[in-house]
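Reader: I have a model open on my screen and some labels I'd like to see justified. Can you take me through them, with the cut-offs where they matter?

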Amino acid sequence: MNNILSACFKYAKSSVTKQTIESLDRLPSFEPMAKQLHSLLSSCLLLGTLSIVLVHTPAQVHSITLESDVEVLQALKQGIDPVSIVRNSYLHSWDFAFDPCEDAGLFQGILCTFPTDKSVNRIMAIDLDPAGYDGFLTPMIGNLTELTSLSISRNNFRGPIPETIANLQRLTRLSLSQNLFSGRIPRGIIDLKHLEILDLSQNHLSGKIPADITALRSLVQLILSNNALSGKIPDLSGLWQLNTLDLSSNNLDGNVPVLPINLRKLSLSHNVLSGHISPVSVLQHLTALDLSDNRLSGLVRQEVLTLPLVVRINISNNQFTEMEAIPYPREDLQLRVLDAHANRLRGRLPISLVNIANLSSIDLSHNQFSGRIPSEYGAKLGISWKSLFLEDNFLIGNLPPQFVDGTVAVRANLAHNCLRCPPNIRFCRGGQRANSDCAGLQDHST
């Protein structure tokens, strides 16, 4: 275009010069020459204007992203209430006048494949921001067959999870947590053999956990907490790579099943599980255990309390009746926090807890313990034990002297027992039980 313009103006210039010179002696012929010159200059001006328009008008986008993938992104955005697509959110940046992969900077929250053979690009990851998008996840999502990661957590997606999710055979991460999804877990999820992270937590999902979810042998994290799932927990022992299992805050019942041997974090809290907890005792890699708020009962075996790597154990709000003794000091254990409050534990306070070298926080409140507070507890208080809660039991007698001295750095509560607990000691604030509650438990020792 520049060459044409240059030639045009060069020709106009030469024509003006030549014809002007020739017309100096023939003024009557100047008028036709002027008309010719005006026509020539008009043509050049029109051509110049056209060139400017062409330079500044965007050419039609030549898509390098597979057309069907682009259509899925369009459907995804169309499934969201436009009012919830706020300024500066990822979806607000999606302008389909441009190519999603060619202009990836304009399409926040997506990643593309870039084949070396220059074939069309594919969408390989969608990771939306938590902007409060309100709408439905399009069933067309199943057409993104190169997708390896789908994360749309902390939004307001609603309705069922599309069954077409089963088409995403390359998926390694599926995170739909903290939305409003309802209905059942799609059975097709078990076909996602490469899935490593499955997080459907904090939704309104119901029904059972698919029994054959154990077919997902690549799973590392399985998080289904805070839903309305019911029924029994299936045998998950085949998930040998699983290190995080969180099924808390559902309506799951039955016994604790056989569990994956390599688990590091296990939470089954806030369900209606019953029976004993012996399947936990073999989890030698466990670092955090939460079985609170269930109907578990029987003996808390020492094998659970002495798991070598566990740092926190919460077995509160159950129906356990006995805690097995730890026979000798264990310097190797990592246990720091033991919460066993609100059970039916009875008998004497377990002296053997002092054998766990790193233990610093103990809660045995709201149980049925009786007898004296062991002097060994006093020796630990303020030295390694930083918190000790023994309220709402049936403990009797005088306090060990360390409790009377009461170091400021210690958090403790001895209220609502049958102790000789001076009211000026802060650990005793709240008072003791009525005499009628303590009948037959009086301490006659001096």
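Author: Sure, and keep in mind that this is a predicted model. Let's start with R122.

Reader: What makes R122 count as buried?

Author: Its relative accessibility is 14%. Buried means under 20%, so R122 counts as buried. R122 sits in the loop between β1 and β2. Leaving out residues up to four places away in sequence, R122 touches L66, D69, C101, L111, C112, T113, N143, L144, T145 and E146.

Reader: Is A131 buried, partly exposed or exposed, and how do you know?

Author: A131 has 26% relative accessibility. Partly exposed covers the range between the 20% and 50% cut-offs, so A131 counts as partly exposed. You'll find A131 in the loop between β2 and β3. Residues up to four places away in sequence aside, A131 touches S84, S89, R154 and N155. With S89, the C-alpha atoms are 6.2 Å apart in space, while the two residues are 42 apart in sequence.

Reader: What stands out about phi in Q178?

Author: Phi of Q178 is near 55 degrees, which is a positive value in a residue other than glycine. For background, most residues other than glycine have a negative phi. Q178 is placed in the loop between β6 (173-175) and β7. With 34% relative accessibility, Q178 counts as partly exposed.

Reader: And what about phi of N226?

Author: For N226 phi is near 55 degrees, again positive in a residue that isn't glycine. N226 belongs to the loop between β10 (221-223) and β11 (228-232). Its relative accessible area is 36%, so N226 is partly exposed.

Reader: Moving on to aromatics: why is the pair F403 and F427 called edge-to-face?

Author: Two values go into that label, since a pair of aromatic rings is described by the distance of the centres and the angle of the planes. The ring centres of F403 and F427 are 6.3 Å apart, and the limit for a pair is 6.5 Å. Their planes stand at 85 degrees, and edge-to-face needs over 60. So the pair is edge-to-face.

Reader: Which parts does that pair tie together?

Author: F403 lies in helix α6 (residues 401-405) and F427 in the segment after β27 (418-419), so the pair ties together parts that are 24 residues apart in sequence. F403 is buried at a relative accessible area of 0%, and F427 is buried at 1%.

Reader: How many aromatic pairs are there?

Author: The structure holds five. Among them is Y377 with W385, an edge-to-face pair at 4.9 Å centre to centre and 75 degrees between the planes. Y377 and W385 are both buried. There's also one aromatic cluster formed by W94, F96 and F107.

Reader: Which residues touch the most other members of the largest nonpolar core?

Author: That core has 103 residues, and I126, L150, L266, V280, L353, L364 and I373 touch the most other members. At least two core residues come from each of α3 (67-78), β1 (110-112), β2 (123-127), β17 (295-300), α4 (302-305) and β19. The most come from α3, which gives three.

Reader: What is L364 in contact with?

Author: Setting aside neighbours within four places in sequence, L364 is in contact with M323, A340, H341, L349, P350, L353, F369, Y377, F389, L390 and N393. Y377 is the tyrosine paired with W385.

Reader: What makes β3 and β19 edge strands?

Author: Each of them pairs on one side only. They belong to an open sheet of nine strands, in the order β3-β5-β7-β9-β11-β13-β15-β17-β19, with parallel pairing. β3 spans 134-136 and β19 spans 319-323. From one strand to the next, the twist averages 20 degrees.

Reader: How do you know that β7 and β9 pair?

Author: Strand pairing takes at least two bridges. β7 (residues 180-183) and β9 (residues 204-207) have two, in the parallel sense, so they meet the cut-off. G183 stands opposite L205 in β9.

Reader: Last one: what share of the protein chain is buried?

Author: Buried residues make up 46% of its 446 residues. The protein chain has six helices and 27 strands. Its accessible surface is about 22200 Å², with 54% belonging to carbon and sulfur atoms.

Notes
Residues are numbered from 1 along each chain as its sequence is written. This is a predicted model: local features need pLDDT of at least 70, side-chain atom pairs count only at pLDDT 80 or more; totals for chains, interfaces and linings use all residues. Side-chain values use heavy atoms; hydrogens and water are left out. Helices (H or I, at least four residues) and strands (E, at least two) are DSSP runs, numbered from the N terminus. Axes are lines fitted to C-alpha atoms, for helices over the stretch in contact, and angles run from 0 to 180 degrees between N-to-C directions. A nonpolar core is a set of buried Ala, Val, Leu, Ile, Met, Phe, Trp, Tyr and Cys residues joined through side-chain atoms within 4.5 Å. Buried means under 20% relative accessible area, exposed over 50%, partly exposed in between (1.4 Å probe, protein chains only). Contact means heavy atoms within 4.5 Å. Accessible areas come from the Shrake-Rupley method with a 1.4 Å probe; for residues, only the protein chains shown count as cover. Rings of Phe, Tyr and Trp (its six-membered ring) pair if their centres lie within 6.5 Å; planes under 30 degrees apart count as stacked, over 60 as edge-to-face and the rest as tilted.
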